[in-house]
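Colleague: I am new to reading structures. Could you take me through this one, feature by feature?

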There are 4 protein chains.
Amino acid sequence: MTKSRAAVVEERDAAFSYRDIEIDEPGPGEILVRVVATGVCHTDEITRHGDMPMPVPAVLGHEGAGVVEAVGDDVTSPAVGDRVVLGWPFCGQCEHCKDGEHRYCARLGEAVAGGFRLLGPRAGQSAYRTADGSPLHGHFFGQSSFATYSLALASSAVSVPDDIPLDIAGPLACGISTGAGAVLNTARPGCGDSVVVYGAGAVGLAAVMAATNTPATTIVAVDKHPSRLQLARELGATHVVDAAVEPDVVETVRDLCGGPADFALECTGVIAVVEQAVATVGMLGTCLLVGGAPAGASFEVDHLTTMWGKRIVGVLGGGGRSDRLVPTLFALYRQGRFPFDRLISYFDFDDVERALESSHRGEAIKPVLRV
Amino acid sequence: MTKSRAAVVEERDAAFSYRDIEIDEPGPGEILVRVVATGVCHTDEITRHGDMPMPVPAVLGHEGAGVVEAVGDDVTSPAVGDRVVLGWPFCGQCEHCKDGEHRYCARLGEAVAGGFRLLGPRAGQSAYRTADGSPLHGHFFGQSSFATYSLALASSAVSVPDDIPLDIAGPLACGISTGAGAVLNTARPGCGDSVVVYGAGAVGLAAVMAATNTPATTIVAVDKHPSRLQLARELGATHVVDAAVEPDVVETVRDLCGGPADFALECTGVIAVVEQAVATVGMLGTCLLVGGAPAGASFEVDHLTTMWGKRIVGVLGGGGRSDRLVPTLFALYRQGRFPFDRLISYFDFDDVERALESSHRGEAIKPVLRV
Amino acid sequence: MTKSRAAVVEERDAAFSYRDIEIDEPGPGEILVRVVATGVCHTDEITRHGDMPMPVPAVLGHEGAGVVEAVGDDVTSPAVGDRVVLGWPFCGQCEHCKDGEHRYCARLGEAVAGGFRLLGPRAGQSAYRTADGSPLHGHFFGQSSFATYSLALASSAVSVPDDIPLDIAGPLACGISTGAGAVLNTARPGCGDSVVVYGAGAVGLAAVMAATNTPATTIVAVDKHPSRLQLARELGATHVVDAAVEPDVVETVRDLCGGPADFALECTGVIAVVEQAVATVGMLGTCLLVGGAPAGASFEVDHLTTMWGKRIVGVLGGGGRSDRLVPTLFALYRQGRFPFDRLISYFDFDDVERALESSHRGEAIKPVLRV
Amino acid sequence: MTKSRAAVVEERDAAFSYRDIEIDEPGPGEILVRVVATGVCHTDEITRHGDMPMPVPAVLGHEGAGVVEAVGDDVTSPAVGDRVVLGWPFCGQCEHCKDGEHRYCARLGEAVAGGFRLLGPRAGQSAYRTADGSPLHGHFFGQSSFATYSLALASSAVSVPDDIPLDIAGPLACGISTGAGAVLNTARPGCGDSVVVYGAGAVGLAAVMAATNTPATTIVAVDKHPSRLQLARELGATHVVDAAVEPDVVETVRDLCGGPADFALECTGVIAVVEQAVATVGMLGTCLLVGGAPAGASFEVDHLTTMWGKRIVGVLGGGGRSDRLVPTLFALYRQGRFPFDRLISYFDFDDVERALESSHRGEAIKPVLRV
Ligand SMILES: [Zn+2]
Ligand SMILES: [Zn+2]
Ligand SMILES: [Zn+2]
Ligand SMILES: [Zn+2]
Ligand SMILES: [Zn+2]
Ligand SMILES: [Zn+2]
Ligand SMILES: [Zn+2]
Ligand SMILES: [Zn+2]
């Protein structure tokens with residue numbers, strides 16, 4: 001049993017409250033990680049408000065990086081002392097997992113928001129409880145990293161190279177990978193393609209940087225915050241569109257692309273923007289749904305223009321496998337080809353609410369809590 | 001100038017009326033074809049009712065097969081006397097045409113429903129007029145084959161082998177290719193995949209037959225007509241679902257597939273069915289929009305489940321190029337692997353209304369007019 | 001410990017001798033299978049002669065099917081009593097395994113011909129010994145199925161449906177999958193493609209049958225045995241070429257294909273034929289190396305014509321995963337689309353030498369021993 | 001008729017001699033271009049020595065850029081006065097051309113080295129003659145750009161944007177596109193892949209720069225000239241290997257890649273290096289043949305290791321279409337992502353021999369003649 005301190009969501013919509021908690025020792029296939037830093041993601045916020053069916057009280061947080069403190073009996077990798085970032089969990093046994101499409105694990109729903117262990121002899125139970133022994137849900141995205149310790153699946157841990165600071169590594173577990181992978185794994189633009197990114201937050205800016213590592217030659221960022229558009233330019237956008245002032249965003253974007261775009265990545269989760277993104281592409285163009293929307297949200301699609309060769313493609317967490325995508329992003333970062341550290345703002349562990357507010361105001365792009 | 005007899009739509013929603021008409025001689029890049037037989041397609045019907053923006057009065061018909069009677073000055077292929085089927089027209093100069101994606105020609109709208117010549121020195125003008133010289137729109141899908149003669153682009157003509165009767169060839173120009181190409185060009189199912197076909201009309205049954213020429217092992221046909229479902233079975237469906245009696249079609253289909261389907265082809269154009277088709281697939285599954293819906297129709301898509309790795313893909317006319325797809329279907333037919341002649345019912349040239357009624361009642365699956 | 005009777009290769013080039021042997025109980029991740037039938041493959045023969053580096057004395061055989069008799073402690077699937085066929089072994093932990101490309105496991109060499117356990121606490125040791133306790137190598141392709149019992153990895157076992165006889169299932173473990181998968185997983189021919197198969201043995205005829213489950217329309221089989229060519233025709237070859245009488249095989253094949261072939265599958269392992277297969281394809285065509293050649297063999301490739309867009313692609317065991325490919329082939333068999341049982345001739349367990357001789361003479365195409 | 005001055009190869013192996021020549025006026029589909037600059041390519045040199053079957057006397061040169069002086073009757077694009085670079089010629093009518101695979105035109109041999117017009121009413125005749133009316137072969141790669149004027153196919157001309165100097169544009173017609181397209185069109189490396197480039201000349205360095213526009217993270221350049229390796233580093237190689245000093249190049253490269261490489265591009269045309277490149281990749285790895293070798297050269301391939309999932313793929317001129325690839329490279333250049341101008345050294349038009357010598361010594365990487 002390990003004593004930990006965690007930001008707990010006691011009930012839906014409540015503020016995060018910091019509590020002493022207890023975590024079971026790692027069982028087979030599990031590791032215990034001392035969290036050094038954790039990103040704060042839009043998904044943490046919407047989960048608190050019930051848009052993901054995570055039961056409460058619960059420990060959230062899903063972009064954790066830290067040092068392995070203990071491992072289950074049969075775990076050969078990672079080892080105690082290893083520096084790791086905690087990727088998305090997966091069952092490893094379904095057809096998609098066997099094909100290396102871990103993001104689309106058939107048991108993904110339970111794995112990320114069940115609140116309990118996915119695998120092993122104690123599957124279906126939470127390893128978490130409060131200091132006074134009350135029940136507590138954890139295992140959010142297999143990690144519940146808003147805490148000083150995280151219990152995670154060994155299979156989801158990705159090694160962090162020695163020259164990469166742990167306090168930038170966490171966001172590669174989710175937000176940064178989500179944008180980068182949507183471009184590098186799913187869209188895979190070809191020579192001279194146009195890539196339009198709606199939403200220049202952490203996900204969208206990661207997509208912009210990723211697009212510079214493809215032969216796409218038109219990279220358009222759309223957002224309402226001029227500061228984010230400025231950053232998009234610095235990170236490789238060839239054009240930017242200020243949606244706050246532009247009367248017809250889709251028209252403007254199509255003009256910049258010389259016609260319908262080849263790829264439009266929707267990274268805002270705002271339904272009106274989703275519909276713009278679909279309208280941005282034409283025959284043989286692809287609209288990728290990348291950003292999460294509120295539970296139950298739906299969007300309207302024109303039948304005729306969609307049937308005329310359009311593609312609408314959902315992408316989860318950037319697709320593929322963490323243990324390929326994350327090391328790729330570390331390497332690109334090291335080579336100066338993916339400077340994602342520029343998106344990070346640091347906050348104290350106790351300041352998760354401040355971090356969320358800053359993000360909400362469009363200031364912090366990717367808040368990271370130093371734990 | 002050639003005298004022809006044609007089924008003319010005088011005004012929107014009017015019945016077809018048979019008229020003597022005149023057609024200009026073929027210019028550069030054009031051929032004149034004596035029509036031997038022409039398929040009748042759902043699209044002819046909805047165009048008459050205004051769902052495609054074809055101006056009236058007009059000659060419709062777009063699944064013509066016949067014999068080349070005359071060719072324009074510079075035309076080297078086909079030659080006079082050649083037996084041809086008239087595929088979809090295309091400009092040959094846009095990016096999609098240059099990539100061999102003729103179906104997604106950037107000028108497709110004008111090419112199929114402009115009512116005038118697409119290319120050449122008289123582009124923008126109709127080659128058609130009534131016997132008394134009144135204006136008449138033609139060039140529907142580049143052919144207006146509900147007539148004894150058709151003026152078409154040489155580039156859209158596909159040679160019909162000697163051993164293939166001309167009166168079965170016409171539907172390969174559109175309906176049969178639409179279903180078959182959606183499977184063979186776009187879906188391209190892999191080992192053990194499941195393919196669900198909504199709508200067992202000419203398009204859907206062509207998709208079923210095509211699926212037997214892939215390694216898909218679960219092929220489900222859904223329709224409300226038991227006779228069509230019976231035919232689907234004979235043509236290779238491994239399972240059929242009667243949507244008229246089944247309380248929850250999507251659930252039934254998912255059970256047959258052992259979970260979400262890999263591919264769902266929507267061949268009805270009915271919005272409620274479109275939404276079923278989208279619901280039929282799950283993570284990494286693909287819903288293909290194949291059948292045309294009324295103008296202005298739209299459908300509703302759930303954001304969350306779509307973002308979780310679903311793909312919605314529009315397919316026009318089966319994708320690809322007529323001059324590859326149609327010869328493939330001829331060869332598969334000859335080898336007994338694609339017995340599309342079983343879908344055909346013959347009608348006299350004068351009986352286009354009867355053909356449409358029979359089709360509407362679910363009797364004739366693919367009516368062909370013998371001209 | 002289990003007593004078994006096995007066909008043992010005592011030393012290189014020696015005849016198979018039947019011996020009583022002992023096998024350790026299954027450890028973690030392992031299963032013990034009572035062998036009901038086992039295919040005999042060209043690879044067994046060449047391994048006996050040293051073309052694979054399997055140490056002797058050894059038990060060979062790698063197309064086993066049977067009933068699970070016992071399972072290791074942690075094995076949840078398959079269960080005792082299950083009917084299984086034993087696919088190729090794989091480590092499950094290398095990059096290729098994680099991508100579902102089990103055939104290209106980084107540890108494949110050890111896995112198929114190391115002679116010892118690949119995984120688990122006793123990795124590197126053989127579970128086999130003679131009845132008098134002398135050392136014996138086993139684990140050939142993770143199974144050593146020329147025996148009444150086989151110790152295998154649970155992960156390589158594929159369930160055999162109740163309606164499939166166990167005595168036809170074995171060859172799906174290797175030979176039949178090798179030909180079928182080369183077409184369905186690797187070549188994946190498109191509309192109207194030509195597929196040329198050199199060698200109409202079990203592998204090549206499986207490729208022919210597989211090609212009929214693709215939109216390829218020209219399927220050419222080349223062999224020296226008229227009886228095999230006749231069978232190729234019955235199984236779907238559109239053309240056959242008798243290499244024993246045809247003066248210029250490549251020329252003849254190119255004529256049948258109307259030019260260079262799209263795909264040539266080399267299933268003989270004879271170097272002269274490999275060079276023909278490469279010559280059979282042209283720009284954007286693919287020659288697949290499917291059949292094993294003697295150790296150390298090499299072939300000569302013309303630089304210029306290869307650089308002009310040719311592709312030479314090695315394929316192992318049909319690529320992909322047994323647990324996808326084998327169930328696909330069961331389903332296609334059941335639907336009459338892959339009648340691979342027509343390739344099988346049965347022999348008594350004691351008659352492995354007779355089976356190999358019959359195969360060598362071109363009589364038995366796929367010998368199966370009833371154990 | 002246009003008077004031009006050209007570097008003529010009078011007979012095989014002879015030096016280039018500058019002569020006054022005459023060129024016919026452009027016919028249908030043709031344009032006359034005043035050459036402003038032309039790259040000098042390895043292929044010019046080996047053609048002079050008979051490794052391409054171009055008849056002599058002939059005008060070579062195939063990386064021309066200039067200004068359109070006149071156009072044939074039916075040519076609508078480009079127009080007189082347009083700035084263009086002359087890409088590879090193609091027939092436009094074969095299956096590969098129709099698929100947009102212009103590089104693999106079925107008539108490529110005639111198109112590049114026939115010495116006569118490929119298309120039009122005077123197909124099969126040369127438009128070139130000496131000032132005294134003697135026969136002269138031209139149309140080398142559809143352009144014969146070692147001259148003050150070039151007669152070319154309108155379809156092969158690619159527009160040069162106003163902000164791109166004409167004197168850097170020529171090499172995009174062949175050498176630079178060959179290396180870049182092999183990476184961007186054919187290899188298309190994915191996340192974290194390794195790309196090894198044998199030969200750091202113009203083709204290889206273009207490949208290195210191209211690789212930085214993909215998510216490949218290990219980019220290795222191999223050459224014998226330290227200065228080229230230094231440049232490779234500056235252009236994005238993550239590692240370099242000096243083949244002049246390294247005892248076992250393949251071993252060294254594999255170490256840098258952490259095992260067999262994902263892609264090896266052979267850009268030297270030296271057979272010993274081809275065999276190294278094949279040995280550099282392993283299971284599921286691809287060796288691309290990019291550089292031309294002497295006529296009749298062949299290489300030896302080990303059967304077993306190739307069959308174990310290796311791919312050997314020939315690539316011509318970078319694959320794809322000039323009118324997509326060249327504009328892509330212009331755009332990447334403008335964005336600082338493909339600084340190919342760093343490879344160029346300028347020579348006077350009269351100095352083609354000096355240019356070739358400099359290139360041969362490993363000094364000039366991509367010589368360009370200012371005409
Ligand atoms: Zn899973
Ligand atoms: Zn997240
Ligand atoms: Zn077009
Ligand atoms: Zn139609
Ligand atoms: Zn492995
Ligand atoms: Zn075998
Ligand atoms: Zn061509
Ligand atoms: Zn060149």
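Modeller: We will go through the features in turn, with the general idea before each case. This is a predicted model, in which local features need pLDDT of at least 70 and side-chain atom pairs count only at pLDDT 80 or more, while totals for chains, interfaces and linings use all residues. Residues are numbered from 1 along each chain as its sequence is written, chains are lettered from A and ligands numbered from 1 in the order in which they are written, and side-chain values use heavy atoms, with hydrogens and water left out.

Colleague: How is chain B related to chain A?

Modeller: In general, two copies of a chain are related by a rotation about an axis and a shift along it. Here, a turn of 180 degrees with a shift of 0.0 Å along the axis lays chain B on chain A, with an RMSD of 0.0 Å. That is the relation of a two-fold axis. The same surface serves both copies, as 100% of the contact residues of chain B recur in chain A. The copies are superposed by least squares on the C-alpha atoms of residues with pLDDT of at least 70 in both, and contact means heavy atoms within 4.5 Å.

Colleague: How many residues are in contact between chain D and chain A?

Modeller: On chain D there are 23 residues in contact with 23 residues of chain A.

Colleague: And what is the area buried between chain D and chain A?

Modeller: The size of an interface is often given as the accessible area lost when the parts come together. The value is summed over both parts, with a 1.4 Å probe. For chain D and chain A the buried area is about 1,500 Å², and carbon and sulfur atoms give 55% of that. The rule finds 0 salt bridges across this interface; a salt bridge is a side-chain nitrogen of Lys or Arg within 4 Å of a carboxyl oxygen of Asp or Glu.

Colleague: How many salt bridges does the structure hold over all chains?

Modeller: The total over all chains is 100 salt bridges. One of these joins the side chains of D:Glu69 and D:Arg34, at 3.3 Å from N to O. D:Glu69 lies in strand E5 (residues 64-71) of chain D and D:Arg34 in strand E3 (residues 30-39) of chain D, so the pair ties together parts that are 35 residues apart in sequence. Helices (H or I, at least four residues) and strands (E, at least two) are DSSP runs, numbered from the N terminus.

Colleague: Are D:Glu69 and D:Arg34 buried or exposed?

Modeller: Neither word fits: D:Glu69 is partly exposed at 35% relative accessibility, and D:Arg34 is partly exposed at 34%. Buried means under 20% relative accessible area, exposed over 50%, and partly exposed in between (1.4 Å probe, protein chains only).

Colleague: Where do C:Lys98 and C:Glu95 lie?

Modeller: Both are in helix H2 (residues 95-98) of chain C, 3 residues apart, about one turn of the helix. Their side chains meet in a salt bridge, 3.6 Å from N to O. C:Lys98 is partly exposed at 22%, and C:Glu95 is partly exposed at 37%.

Colleague: Which residues of chain A are linked in a network of salt bridges?

Modeller: The network links A:Lys3, A:Glu22, A:Asp24, A:Glu30, A:Arg117, A:Arg122 and A:Arg129.

Colleague: Now the metals. Which atoms coordinate the zinc ion (ligand 7)?

Modeller: Donors are N, O and S atoms within 2.8 Å of the metal (3.2 Å for Na, K and Ca); water is not among the atoms, so sites may look incomplete. For the zinc ion (ligand 7) they are the SG atoms of D:Cys91, D:Cys94, D:Cys97 and D:Cys105, at 2.3 to 2.4 Å. Along the chain these donors follow the spacing C-x2-C-x2-C-x7-C. D:Cys94 lies in the loop between strand E6 (83-86) and helix H2 (95-98) of chain D and D:Cys105 in the loop between H2 and helix H3 (108-113) of chain D, so the pair ties together parts that are 11 residues apart in sequence. D:Cys94 is buried at 11% relative accessible area, and D:Cys105 is buried at 0%.

Colleague: What is the geometry of the site of the zinc ion (ligand 7)?

Modeller: The site is tetrahedral, with angles of 102 to 121 degrees among its 4 donor atoms. Four donors count as tetrahedral if all angles lie between 85 and 135 degrees.

Conventions:
Tetrahedral: all angles 85-135°; square planar, octahedral: opposite > 155°, others 65-115°. Buried area = accessible area lost by both parts, 1.4 Å probe.
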